[in-house]
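Me: Please take a close look at a single part of this structure and describe it for someone who has not seen it before. Keep it plain.

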Amino acid sequence: EHSRTQARASGTVKKAWGDQPYNGESLLMRPASRPLGYVTAASLAGMALLVRAILDPWLGIMQPFASGFVAVAACSWFFGWGPALLAAVISYVGGTYLFVEPRGHLDVAGGPFVAALLNFFAAAAMIIAIGERARRAERALAAANAALREADQRKDAFLATLSHELRNPVSVISNAVAMLGRVPLDDRSRATLSILSRQTALVARLIEDLLDVSRITRGRLALRLEKADVRTAIDHAVDANREAVAGRHQRITVDLPPVPVLMDADHARVVQVISNLIDNASNYSPEGAEVVVRLTTAAGVSIEVSDNGPGIDPDVLPHVFEMFEQGGASGSGGLGLGLGLCRHLVELH
């Protein structure tokens, strides 16, 4: 699957260009299309002369080359300097012959013709130069975008592989810690085992978050919707975080309505959202802080998690629900996945 993904990322265009890798250029810019570019440039220059002839009753001898400059600019942008130069020659010769007095006469040996020719081609050269720079910038931007897409896909593949590879050894460690908890231990060993248990649970949670990120980026995270009581989801989320919050000498206060609040939801994912919000509030709050979880139904279902920590910097606030974004140095130093997962899971609902 990874190989197929990389093959798609390389953008090979086989139908029109064999196995040449796509480098960000439009098909009209490719070398194989240059003859077509010259033919199209000549056609555009002819169309420009036709448009100028249609406008001749209103323009008279004014602006004999205006439409020609448009043709030159278009050819420069789409086909390059060669076709643009051809369009410039056709536009100038045709415009001079048809619209410059005396009409129907082309005195190529006269001084005025040479001066006008130099003036026209100076302007055309400027247009072509700008078009060439724009084309080079477009190619560079397309190449940079392709490199970013490939790097992003490799990052996603790396995270998915890393998460799967770490899952098994962490599971073995968790089982070993659980087995050690069943045997008699002295106080020092039990305290050490408690630390191992907490840290193993933290690593396991980070791995699950990474797996969820991988599923989301690949569009493989599906919800299992059922009729669920939101109050129950909040209770489960609070229970999952109660020990960690108590370890920071903080407390959780829950404010729930007295009657069931039913909605079509994935119970496990709603618990995950609320749990991540509680964990984030606790991480960024000092010791002795209070985390409040409130459920209201005045206007739909609203789940609020608040704390009395330092708050969020206004510059950071628009980005806190993005993946790998962290709100400051006062937290626990996680990966910045919790709030990003919250947003994606809520959007999926």
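Reply: What follows describes one pocket, then a helix of its lining, then a few single residues.

This is a predicted model, in which local features need pLDDT of at least 70 and side-chain atom pairs count only at pLDDT 80 or more, while totals for chains, interfaces and linings use all residues. Residues are numbered from 1 along each chain as its sequence is written, and side-chain values use heavy atoms, leaving out hydrogens and water.

The protein chain has eleven helices and five strands (DSSP runs numbered from the N terminus: H or I of at least four residues, E of at least two). Of its 349 residues, 31% count as buried (under 20% relative accessible area with a 1.4 Å probe, protein chains only; exposed is over 50%, partly exposed in between). Among contacts (heavy atoms within 4.5 Å) in the chain with a separation of 6 or more, 69% are between residues 24 or more positions apart.

The part chosen is the second largest pocket, with a volume of about 310 Å³. A pocket is an open set of points on a 1 Å grid where a 1.4 Å probe fits, with protein on both sides within 12 Å along at least five of seven lines; lining residues have an atom within 4 Å of a point. The volume is the space filled by probe spheres set on the points. The lining of the second largest pocket consists of 15 residues. Those that lie nearest the centre of the second largest pocket are V270, V273, I303, C342 and V346. By class, the lining holds eleven nonpolar residues, two polar ones and two charged ones (Asp, Glu, Lys and Arg count as charged; Ala, Val, Leu, Ile, Met, Phe, Trp, Tyr, Cys and Pro as nonpolar; the others as polar).

Three elements each supply at least two residues of this lining: helix α10 (267-283), strand β5 (302-307) and helix α11 (338-348). The largest share, five residues, comes from α10.

Helix α10 deserves a description of its own. From its first C-alpha to its last, this helix of 17 residues reaches 24 Å, close to the 24 Å expected at 1.5 Å a residue (1.5 Å times one less than the number of residues). Twelve of the 17 residues of α10 are buried, so the helix is largely enclosed by the rest of the structure. The buried residues of α10 include V270, V273, I274, I278 and A281, along with R269, Q272 and S275.

N276 is placed in helix α10 too, and its relative accessible area of 4% makes it buried. With neighbours within four places in sequence left aside, N276 is in contact with R205, G338, L341 and C342. C342 is also one of the residues nearest the centre of the second largest pocket.

Other residues in the chain have surroundings of another kind. Q63 sits in the loop between α4 (56-59) and α5 (66-78). Its phi is near 45°, a positive value in a residue other than glycine, and Q63 is exposed, with a relative accessible area of 54%. H249 lies in the loop between α9 (230-247) and β2 (251-255). Phi of H249 is near 60°, a positive value in a residue other than glycine, and H249 is exposed at a relative accessible area of 55%.

A66 belongs to helix α5 and is partly exposed, with a relative accessible area of 35%. The C-alpha atom of A66 is separated by 8.0 Å from that of R52, 14 residues apart along the chain.
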